[in-house]
Amino acid sequence: MTTGIDLVLADHRQVEELFRQFESTRDPSLVGRIVAMLTDHDQAEHAALYPLARVVLADEALLQRSMIAHSAVKTAIDQLRQLEGQPLLDAVEALQALVAAHVADEETALLPALVERATAAQLEGLGARIEQAKQRVG
Ligand SMILES: [Fe+2]
Ligand SMILES: [Fe+2]
């Protein structure tokens, strides 16, 4: 059974792969795919992952840190939309660093804590809610 945790991790690997492809090809169309992917992931986590984490973990500091990281990513995306050439390359690199730091934090703190403390049913429900959130955006 695919859990919500599997879906979140799969998204993380996929966006890392897109950043890697952009690093090697500099293909500007990849920026649009990265932005779309991050936007969907942000919505799915806000709709499903963070509400479950709030109930199961009751760790406001951890959630607050995640909200700040997602806001920083959104701001970086808004700024990047106006850019081209070298400034765009620099902005994508900065976005990649922000995403990498938050992904590392999520995968070492929030996700392992959820795996440990949520029930199997909660983790399956998380998967269903993430799929629903993605269908709404996609
Ligand atoms: Fe995430
Ligand atoms: Fe996140």
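## Exercises on a five-helix chain

The chain holds five helices and zero strands; helices (H or I, at least four residues) and strands (E, at least two) are DSSP runs, numbered from the N terminus. This is a predicted model, in which local features need pLDDT of at least 70, side-chain atom pairs count only at pLDDT 80 or more, and totals for chains, interfaces and linings use all residues. Residues are numbered from 1 along each chain as its sequence is written, while chains are lettered from A and ligands numbered from 1 in the order in which they are written.

### Exercise 1: the overall shape

Work out whether the radius of gyration agrees with that of a compact globule.

*Solution.* Start with the pattern, which reads α-α-α-α-α along the sequence. Next, take the radius of gyration over C-alpha atoms and use the globule rule, 2.2 Å times the number of residues to the power 0.38. For 138 residues a compact globule would come near 14 Å, and the chain has 15 Å, so the two agree. Finally, the box filled by the C-alpha atoms is roughly 50 × 30 × 25 Å along the principal axes.

### Exercise 2: two positive phi values

Find where Arg-26 and Ala-58 sit, and decide whether each is buried or exposed.

*Solution.* Begin with the backbone: most residues other than glycine have a negative phi. Arg-26, however, has a phi near 55 degrees, and Ala-58 has one of about 50 degrees. Now locate them. Arg-26 is in the loop between helix H1 (4–25) and helix H2 (29–57), and Ala-58 is in the loop between H2 and helix H3 (60–80).

Then count neighbours: a residue is buried if 20 or more other C-beta atoms, placed from the backbone, lie within 10 Å of its own, exposed if 12 or fewer, and partly exposed in between. Arg-26 has 12 such neighbours and therefore counts as exposed. Ala-58 has 10, so Ala-58 counts as exposed too.

### Exercise 3: the nonpolar core

Identify which helix gives the largest share of the largest nonpolar core.

*Solution.* A nonpolar core is a set of buried Ala, Val, Leu, Ile, Met, Phe, Trp, Tyr and Cys residues joined through C-beta atoms within 7 Å. The largest one has twelve residues, including Ile-5, Ala-48, Leu-110 and Ile-130. H1, H2, helix H4 (85–117) and helix H5 (120–137) each supply at least two of them. The largest share, four residues, comes from H2. Apart from this core lies another, of eleven residues, among them Phe-22, Ile-34, Leu-38 and Val-92.
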